[in-house]
Amino acid sequence: MATTGLPRSTQVDVARVTESLEMITPLWSVWILMTLSAQPLRYAEIKPRLPWLNDGTLHPKLRRLADAGLVERTEVSQGHVTYGLTARGTDLMPVLTVIAAWGETYLEKPVVKNKDTGKLEPLATVAPAQNIEDALALIGPRHATPILWVLKDRGASSAKALSAAAMPGYRLSNVYPQVDRLVGDGLVRKNGRAYELTATGHALAPVYRALSAWAAGRPLDDADTHPLWGAAPVPVVTQAASGPWLTTQPRVSAPATAVTPAAHPAALAIQPAASSATAWKGGDLFSHQIPARPIALPQTQGPRR
């Protein structure tokens, strides 16, 4: 359990959220969970949906998610094994919806090269799965959430105060690269010698509220008020229309062949979700190619991918 200088009740809360993030932030975890969200699948049925994951990668990730209690392996009969979400994994789906909505609102749209003009143009839409993973890349690192919670709780804080509250037991020098990364990602700004949340950082309220509820085993609903992050309505994320599974691999360098935004996987038609309890579809999982790490915008804007 993560230790902070926050009050005991808040410390327990942030520790649960941090541990929950550790379960879902490893690369491809969200894709696997969303792949299994509709129904249990055999390994041979999962593999075509995630074709870039070889057996040496997919097997360990399924095992890790099973160890985390999010995926269960069921032996239906000899030689017939299925993988599906546990009740805990199913309860996570509305939380992923909230994270996807935050990413859709606050992350800069990626760009692709137009094959006709050769110019880079922003995509109109980004698949929810990619929004989730990009958002988790900002708040998933080990000390990111404790720092953000301390700044939300205490307001503008010096590096020394932030280190004592969010990273007790560490040298003061250890806090600087952690908080500077959050500054670069647009969630924190430096005001003189103090650090404080940006508007984008404050807007993480529904994300942390949803993660807190899930980590504590509570149902996610609009009536739930978080003692630190307040009462934020559960947003309804738009999602891609159902269709064939796509095979574009995210998080790799841009392809040499130019594509039009309309032809790009992230430019799928987007329809409003019926409710926040999302039934993820095949087309929701895959999106654009992006750098391995989000690129920071100037402090007046939100984070980029």
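This passage walks through a predicted model, from the overall makeup of the chain to its sheets, helices and two buried polar residues.

The predicted chain is built from eleven helices and ten strands. Of its 305 residues, 49% count as buried. Contacts across the sequence are well represented: among those with a separation of 6 or more, 68% join residues that lie 24 or more positions apart.

Two sheets can be taken in turn. In one of them, an open sheet of three strands, the order is S1-S3-S2 and the pairing is antiparallel. Its edge strands are S1, covering residues 41–42, and S2, covering residues 71–77, each of which pairs on one side only. Strand S3 spans residues 80–85 and pairs with S1 in the antiparallel sense over two bridges. Within this pairing, Arg42 stands opposite Thr82 of S3.

The other sheet is again described as open, with three strands in antiparallel pairing, and here the order reads S6-S8-S7. Strands S6 (157–158) and S7 (188–191) form the edges, each with a partner on one side only. S8, made of residues 194–197, pairs with S7 in the antiparallel sense through four bridges. The register of that pairing can be read from its bridge partners: Val188 is matched with Leu197 of S8, and Asn191 is matched with Ala194 of S8. S7 and S8 together form a hairpin with two residues between them, and in this turn Gly192 adopts a positive phi of about 70 degrees. A further glycine with a positive phi is Gly186, which sits just after H9 and has a value of about 85 degrees.

Strand S6 offers a closer look at the edge of this second sheet. Ser157 lies in S6, and its relative accessible area of 6% puts it under the 20% cut-off, so Ser157 counts as buried. The side chain of Ser157 reaches the backbone oxygen of Gly155 at 2.9 Å. Beyond residues up to four places away in sequence, Ser157 touches Leu151, Leu162, Arg193, Ala194 and Tyr195. Of these partners, Ala194 is also the bridge partner of Asn191 in the hairpin pairing.

The helices around this sheet come next. Helix H8 runs over residues 159–166, and its buried residues include Ala159, Leu162, Ser163, Ala165 and Ala166. The cover over the buried residues of H8 includes helix H7 (144–154), S6, helix H9 (175–184) and S8. With H7, the packing angle is about 115 degrees and the axes of the two helices are 9 Å apart. The contact draws on Pro146, Ile147, Val150, Leu151 and Arg154 from H7, together with Leu162, Ala165 and Ala166 from H8. By class, this contact holds seven nonpolar residues, one charged residue and no polar ones. The crossing of H7 past H8 is right-handed. Leu151 and Leu162, which belong to this helix contact, also appear among the residues that touch Ser157.

Helix H9 has Val175, Val179, Arg181, Leu182 and Val183 as its buried residues. These pack against helix H6 (128–139), H7, H8, S7 and S8. Both H7 and H9 are thus listed in the surroundings of H8, since the cover of its buried residues, counted by heavy atoms within 4.5 Å, includes these two helices.

Finally, attention turns to a histidine outside the regular elements. His226 is placed in the loop between helix H11 (205–215) and strand S9 (238–240). Is His226 buried or exposed? Its relative accessibility is 4%, and because buried means under 20%, His226 counts as buried. The side chain of His226 is joined to the side chain of Asp13 by a polar contact of 2.6 Å. A further reach of the His226 side chain is to the backbone nitrogen of Leu228, at 3.0 Å. With neighbours within four places in sequence left aside, the contacts of His226 are Asp13, Trp149, Arg209 and Ser212. Asp13 therefore enters the picture of His226 twice, as a polar partner within the 3.5 Å limit and as a member of the contact list.

How values were computed: Residues are numbered from 1 along each chain as its sequence is written. This is a predicted model: local features need pLDDT of at least 70, side-chain atom pairs count only at pLDDT 80 or more; totals for chains, interfaces and linings use all residues. Side-chain values use heavy atoms; hydrogens and water are left out. Two strands pair if DSSP finds at least two bridges between them. Buried means under 20% relative accessible area, exposed over 50%, partly exposed in between (1.4 Å probe, protein chains only). A polar contact is a pair of N or O atoms within 3.5 Å; within protein, one must be able to donate a hydrogen and the other to accept it, and residues adjacent in sequence count only if both atoms are side-chain atoms. Axes are lines fitted to C-alpha atoms, for helices over the stretch in contact, and angles run from 0 to 180 degrees between N-to-C directions. A crossing is left-handed if the near helix is turned anticlockwise from the far one by less than a right angle, and right-handed if clockwise. Ala, Val, Leu, Ile, Met, Phe, Trp, Tyr, Cys and Pro count as nonpolar, Asp, Glu, Lys and Arg as charged, and the others, Gly among them, as polar.
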